[in-house]
Amino acid sequence: MSSARVVVVGSVNLDLLYRVPHLPRAGETLLGADLVRLSGGKGGNQAHAAAKIAPPGVTVAMIACLGDDEGATLLRGELAAAGVDVAGVQTVAGPSGTALIAVDDRGENTIVVIPGANGAWPESAVASIDMRAGDVVVVQLEVPFAVVETVVSRAATAGARVVLNAAPLDRRATELLDNVDVLVVNEIEAAELFGFDAGLSADDIAGIAGGLDTDLVVTLGARGAVFAPARGEATSLPAFAVDAIDTVGAGDAFVGGLAAALAASATLETAVRWGSAAGALTATVVGARHPGLDRKAIETLAGPVG
Ligand code: ADP
């Protein structure tokens with residue numbers, strides 16, 4: 001069986017979640033509780049989902065920068081345990097990317113993200129990435145834009161297929177599209193990127209897709225997703241019905257599932273189905289990564305990859 005690679009280039013974060021009775025005011029010292037450490041970061045979440053459900057013959061590699069702290073050991077170990085090749089995860093001096101997430105008794109939260117190593121990529125980290133024809137290279141925008149720019153251009157030159165998840169939104173993402181094969185955005189990102197008000201109609205999405213030379217996938221949360229091949233017709237796919245309890249990370253799992261299917265030569269429609277299944281299943285657990293995600297569960301919802 002021929003082998004195909006998903007190469008995810010991007011962010012890995014340590015999420016520190018804790019409960020507080022109320023969100024602290026300036027100058028206030030509070031007692032918090034229930035501190036948990038979870039692996040996160042868009043890139044790490046995407047690689048995790050892709051590796052968990054990879055069809056036979058598909059391998060998943062992560063390219064990222066971690067700090068030289070204790071969190072890095074946990075982050076690297078969890079990706080490796082999910083089956084991700086972490087040989088391309090480099091160590092840089094300083095802290096790993098960290099998100100401090102306070103949740104109060106009413107469910108309100110405040111999040112402080114400290115990019116740490118995600119914002120400190122040395123040039124060598126990009127120059128050494130091994131990208132080949134036939135690879136599916138996945139990027140998001142949680143690392144410096146210059147890194148994404150270089151990766152996208154090098155991937156295209158190498159003949160890899162490029163999946164750009166333009167999140168968190170940066171309007172400069174449109175400058176990359178010449179070298180992007182599949183653009184994945186949620187509804188809010190799509191509206192901002194293409195100059196629409198929030199609340200895109202099906203016609204708006206079809207209009208955006210019709211003017212793009214890139215395949216487009218717009219995710220709509222519990223309402224599913226719309227996809228269109230470059231300059232083609234838009235098709236809606238409803239979400240799979242699940243008991244959703246926490247949709248954090250659904251978008252990342254969607255991208256991972258889509259990429260894993262594309263690496264196995266799936267059509268765009270099948271890849272969107274696989275992404276939707278990964279997103280739906282991830283919404284059934286607390287946290288951004290579903291430890292029990294596997295290919296069989298995806299196939300039960302979305303059907304075989306080919
Ligand atoms: P993001 O987290 O980037 O905003 P979305 O919320 O659009 O992404 O979710 C990505 C995908 O995950 C959706 O297109 C859908 O397929 C799936 N998904 C998200 N929420 C649910 C849900 N409540 N039920 C079923 N599927 C969901």
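Ala-271 has 0% relative accessibility, so this residue counts as buried (under 20% relative accessible area, with over 50% exposed and partly exposed in between, using a 1.4 Å probe and protein chains only). The model is predicted: local features need pLDDT of at least 70, side-chain atom pairs count only at pLDDT 80 or more, and totals for chains, interfaces and linings use all residues. Residues are numbered from 1 along each chain as its sequence is written, and side-chain values use heavy atoms, with hydrogens and water left out.

Let's stay with Ala-271 for a moment. Helix α8, residues 268-282, holds this alanine (helices are DSSP runs of H or I with at least four residues, numbered from the N terminus). Leaving aside residues up to four places away in sequence, Ala-271 touches Leu-258, Ala-261, Leu-262 and Ala-266 (heavy atoms within 4.5 Å).

Now to the ligand. Both α7 (250-263) and α8 supply at least two residues each to the shell around the ligand. That surrounding set has 17 residues, and Asn-186, Thr-219, Gly-221, Gly-224 and Phe-240 come nearest (a residue is near if one of its heavy atoms lies within 4 Å).

Here are polar contacts (pairs of N or O atoms within 3.5 Å) between ligand oxygen and backbone:

| Residue, polar backbone atom | Distance to a ligand oxygen atom |
|---|---|
| Gly-221 | 2.8 Å |
| Gly-224 | 2.9 Å |
| Gly-251 | 3.3 Å |

Taken alone, the ligand exposes 550 Å², and the protein buries 82% of that (Shrake-Rupley areas with a 1.4 Å probe).

How values were computed
Polar contact = N/O pair within 3.5 Å; in protein donor to acceptor, adjacent residues only side chain to side chain.
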